[in-house]
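Reader: Hello! I am new to this structure and would love a close look at how its helices pack, especially where the two chains meet. Could you walk me through that part?

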Number of protein chains: 2
Amino acid sequence: MVAAVELFSEQGFDATTVAQIAERAGATKSTFFRYFPDKREVLAAGQETLSRLLAEGIAEAAEDAGPLEAVAAGLERVSGVMGTMSREIAPRLKAAMAASAELQERDALKSVGLATAMTAALVARGVAQPVAQVVGELGLLAFKRGFAEWSEADERAPDELAVYMLTALEELRAAAASLG
Amino acid sequence: MVAAVELFSEQGFDATTVAQIAERAGATKSTFFRYFPDKREVLAAGQETLSRLLAEGIAEAAEDAGPLEAVAAGLERVSGVMGTMSREIAPRLKAAMAASAELQERDALKSVGLATAMTAALVARGVAQPVAQVVGELGLLAFKRGFAEWSEADERAPDELAVYMLTALEELRAAAASLG
């Protein structure tokens, strides 16, 4: 994943091959191709991990937790893993995205997938459909804004990503509640 | 646009060429290529129209309308145009989408664009950022659900699309308000 993002930002998504990613990652080409037949799959694998972590955090939240508290637990779970990634990846990924319409489309699809995963995990907890959908979207907005603000902050420590996401979630909750 | 959706659903997005779309639409190839250099542009043009209609409806809502009322005005504006499209397009587009990952990604990016357009139009009306963002997302959810339910309904009249969207928006508002 790190190797892929490095190459995408250095030479663009279109010009990067799976063979180059495998070489940079120090893997044999045949091993790498078994897992990632296509360079888009490299990014899809990251998305599946994020969706799974969000859903696990929501599923394992306290039984009496409301939908927003459950989503907060999902965001804490995912930020614990994302916060340990190299601080250099975020700006590189951003640069690679800015240069590739295909990566932007993939990111948009990824976003839809994350909101869907959160909504499904909430429905599995017994939350009614329209509430689950709204809270899933608020969770996605908090995820994206928290990550963007964390990665742009001058001084950031890995354990602070959760704080950014939960602060954003609380602000979005207040905004939603003001519509009543 | 109708010709493009027909061809995408008949033979798939990947196998369809801009030349085929031009021929089906009864346009000369050179005229068509001037407007749509790439088959993805055919769909992008539809997206820009939707974003513009939503933004216009929001901008022209009554001065004292709240953010949800302004988004409702945007949805009414866009459904007035979408509701006149052939009733056969919706299921065909759905079938074409189900068969093409590329179309799904484009649709996801389109969705992000529509929410962004609504949020920007609300900010231009003086709505605070977090509220504008939440209401823009609620507007997108209402747009998608209203359209899906309208296109699946057995008996639908063109002028009923707005009713589906506004009903969905009201349900989402109530769900958001319940989070307070």
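Author: Happily; what follows starts with one chain, moves to its helix packing and ends where the chains touch.

A word on the basics comes first. This is a predicted model, in which local features need pLDDT of at least 70 and side-chain atom pairs count only at pLDDT 80 or more, while totals for chains, interfaces and linings use all residues. Residues are numbered from 1 along each chain as its sequence is written, and chains are lettered from A and ligands numbered from 1 in the order in which they are written.

Chain A has nine helices and zero strands; helices (H or I, at least four residues) and strands (E, at least two) are DSSP runs, numbered from the N terminus. With a radius of gyration of 17 Å, close to the 16 Å from the globule rule for 180 residues, chain A is as compact as a globular protein of that length. That radius is taken over C-alpha atoms, and the rule is 2.2 Å times the number of residues to the power 0.38. Along the principal axes, the C-alpha atoms of chain A fill a box of roughly 50 × 35 × 25 Å.

Of the 180 residues in chain A, 42% are buried. A residue is buried if 20 or more other C-beta atoms lie within 10 Å of its own, exposed if 12 or fewer, and partly exposed in between, with C-beta atoms placed from the backbone. A:T167, in helix α9 (residues 161-177) of chain A, is partly exposed, with 14 other C-beta atoms within 10 Å.

Now to the packing. Two packed helices are described by the angle between their axes and the distance between the axes. Axes are lines fitted to C-alpha atoms, for helices over the stretch in contact, and angles run from 0 to 180 degrees between N-to-C directions. In chain A, the axes of helix α5 (residues 67-82) and helix α7 (residues 101-124) come within 11 Å and cross at roughly 130°. α5(A) and α7(A) are therefore oblique to each other; angles under 35 degrees count as roughly parallel, over 145 as roughly antiparallel, 65 to 115 as roughly perpendicular and the rest as oblique. Here A:P67, A:A70, A:V71 and A:G74 of α5(A) meet A:M118, A:A121 and A:L122 of α7(A). By class, this contact has six nonpolar, one polar and no charged residues. Ala, Val, Leu, Ile, Met, Phe, Trp, Tyr, Cys and Pro count as nonpolar, Asp, Glu, Lys and Arg as charged, and the others, Gly among them, as polar.

Finally, the place where the chains meet: 23 residues of chain B are in contact with 23 residues of chain A, where contact means C-beta atoms, placed from the backbone, within 7 Å. On the chain B side, α7 (101-124), α8 (129-152) and α9 (161-177) each supply at least two residues. The largest share, seven residues, comes from α7(B). That side of chain B divides into 13 nonpolar, five polar and five charged residues.

The axes of α7(A) and α7(B) come within 8 Å and cross at roughly 75°, which makes α7(A) roughly perpendicular to α7(B). Among the residues of α7(A) that meet α7(B) are A:Q104, A:E105, A:R106 and A:L109, and those of α7(B) include B:A108, B:S111 and B:V112. The contact of α7(A) with α7(B) has six nonpolar, four polar and four charged residues.

Notes: Two residues are in contact if their C-beta atoms, placed from the backbone, lie within 7 Å.
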